[in-house]
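Let's take a walk through this structure together. Keep the sequence and the 3D view side by side as you read.

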Amino acid sequence: MSYVLKVNSVSKKAKDFQILKNVSFELGRGEIVGLIGPNGAGKTSIMKVIVGLTKNYTGDVDLSRVRDIGSMIETPSFYPYNTGYQNLMYFAGLNGVGAKRVEELLDLLGLSEAANKNVKAYSLGMRQRLGIAQALLKEPDVLVLDEPTNGLDPEGIYEIREYIRKIASEKNITVLISSHLLGELEKMCDKAIMIKKGEVVQILDFHNDLKKKQVTLVIESLDSEMTNKLLLENGYNVISNHEEEVRVKIGANEKQDIARLLASHEVVLTGLYEANETLEDTFLELIRA
């Protein structure tokens with residue numbers, strides 16, 4: 001996939017503190033990319049560099065293929081006693097956009113029925129969706145969202161996730177999103193960029209890396225000693241052997257091979273399942289390293 005935006009060796013310091021260090025990555029068109037890291041890792045800083053809110057840095061952000069960038073970096077602010085429609089029309093006027101675009105975005109973000117209600121009556125999730133609508137006014141091809149699900153209840157988180165998916169798939173917009181909710185990012189994103197102490201430590205491609213990734217297979221049987229012996233004799237990487245289960249690291253497509261091996265030696269299985277690493281597992285492993 002060709003990139004739409006490219007970050008090249010971006011570094012930033014504040015006095016003696018290194019905020020960003022040689023940060024490099026690419027965003028493909030229509031991708032949803034998660035930006036992950038602990039507090040103070042530099043997530044918001046790199047987002048501010050990308051959208052032009054920070055100028056004092058070295059390196060380069062290649063925007064030559066970008067028509068426009070929309071962003072929601074901080075919690076969006078609106079006039080509470082104006083309606084959602086009136087608020088969007090105000091910002092539309094500042095950006096040279098008409099009422100038709102406002103109505104399209106209200107529909108896209110599921111706010112048409114609430115368009116004529118004062119924003120003061122909106123839930124936090126509705127205000128976040130209105131903020132995303134504001135970021136989309138100028139029809140950007142890149143959308144940058146900093147913690148858009150922060151403080152939302154499970155229903156609100158689900159709604160934001162589904163609308164972001166809809167924006168990326170239907171409008172072919174590239175979305176860069178940060179969040180502490182790693183399970184949500186795993187459900188939503190095509191890639192994850194992990195940042196630690198201002199540096200990119202890993203980039204995960206959920207479509208390709210997970211196919212190649214080894215998984216832990218948990219084998220429960222009536223004879224764990226025989227199971228362990230057979231696996232070792234056939235070159236498998238046994239990582240633990242307990243009274244009722246054996247755990248082995250395998251490739252993503254080796255589960256059936258092991259089942260056939262054990263069946264050919266009449267090992268009676270009582271359980272056979274994968275204990276996959278989650279994005280949270282990978283994140284915690286990197287942060288603790």
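## Glu 31 and the loop after strand 2

In this predicted model, a polar atom of the side chain of Glu 31 lies 2.7 Å from the backbone nitrogen of Gly 28. You can find Glu 31 in the loop between strand 2 and strand 3. Is Glu 31 buried or exposed? With a relative accessibility of 10%, Glu 31 counts as buried, because the cut-off for buried is under 20%.

Arg 29 sits in the loop between strand 2 (17-28) and strand 3 (32-36) as well. Arg 29 is partly exposed, at 35% relative accessibility.

## Salt bridges that link distant parts of the chain

Here is a bit of background: side chains of opposite charge can pair when their charged atoms come close. How many salt bridges does the rule count in this model? The count comes to 15.

One of them joins Arg 29 to Asp 141, with the closest N and O atoms 4.0 Å apart. Along the chain the two partners are 112 residues apart, and Asp 141 belongs to the loop between helix 4 (124-135) and strand 6 (142-146). The partners also have different labels for accessibility: Arg 29 is partly exposed at 35%, whereas Asp 141 is buried at 5%.

Another salt bridge pairs Asp 68 with Lys 138, and their closest N and O atoms are 3.9 Å apart. This pair links distant parts of the chain too: Asp 68 is in the loop between strand 4 (58-62) and strand 5 (69-72), while Lys 138 is in the loop between helix 4 and strand 6, 70 residues apart. Lys 138 is partly exposed, with a relative accessibility of 42%.

## A salt bridge inside one helix

Now turn to helix 5 (residues 154-171), which holds both Glu 162 and Arg 165. These two residues are 3 residues apart, about one turn of the helix. They form a salt bridge in which the closest N and O atoms are 3.0 Å apart. Glu 162 has a relative accessibility of 26% and counts as partly exposed. Arg 165 is partly exposed as well, at 31%.

Which residues make up the network of salt bridges that includes this pair? The linked residues are Arg 161, Glu 162, Arg 165, Glu 184 and Lys 187.

## Two residues to look up: Asn 8 and Arg 101

Asn 8 is part of strand 1 (residues 3-14). Leaving aside residues up to four places away in sequence, Asn 8 touches Val 23, Ser 24, Gly 59, Asp 60 and Asp 62. The C-alpha atoms of Asn 8 and Val 61 are separated by 6.0 Å, although these residues are 53 residues apart along the chain. Asn 8 is partly exposed, with a relative accessible area of 25%.

Arg 101 belongs to helix 3 (residues 99-108). How does its side of the story read, buried or exposed? Arg 101 is buried, with a relative accessible area of 14%. Not counting residues up to four places away in sequence, Arg 101 is in touch with Leu 136, Leu 137 and Glu 139.

## Where the two domains meet

Let's step back to the whole chain, which is divided into domain 1 (3-207) and domain 2 (212-288). The contact draws 13 residues from domain 1 and 7 residues from domain 2. Taken over C-alpha atoms, the centres of the two domains are separated by 40 Å.

The size of an interface is often given as the accessible area lost when the parts come together. Between domain 1 and domain 2 the buried area is about 880 Å², and carbon and sulfur atoms give 80% of this area. Which three residues supply 47% of the area that domain 1 buries against domain 2? They are Leu 182, Met 194 and Lys 196, and they supply more than any other three residues.

Across this interface the rule finds 0 salt bridges. The count of residue pairs in polar contact between the domains, both at pLDDT 80 or more, is 0. On the domain 1 side, helix 6 (182-188), strand 8 (191-196) and strand 9 (199-205) each supply at least two of the residues that touch domain 2. The residues on this side divide into 9 nonpolar, 2 polar and 2 charged.

How values were computed:
Residues are numbered from 1 along each chain as its sequence is written. Side-chain values use heavy atoms; hydrogens and water are left out. Helices (H or I, at least four residues) and strands (E, at least two) are DSSP runs, numbered from the N terminus. Buried means under 20% relative accessible area, exposed over 50%, partly exposed in between (1.4 Å probe, protein chains only). Contact means heavy atoms within 4.5 Å. Domain bounds come from an automatic or database domain assignment. Buried area is the accessible area (1.4 Å probe) that two parts lose on being put together, summed over both. A salt bridge is a side-chain nitrogen of Lys or Arg within 4 Å of a carboxyl oxygen of Asp or Glu. A polar contact is a pair of N or O atoms within 3.5 Å; within protein, one must be able to donate a hydrogen and the other to accept it, and residues adjacent in sequence count only if both atoms are side-chain atoms. Ala, Val, Leu, Ile, Met, Phe, Trp, Tyr, Cys and Pro count as nonpolar, Asp, Glu, Lys and Arg as charged, and the others, Gly among them, as polar.
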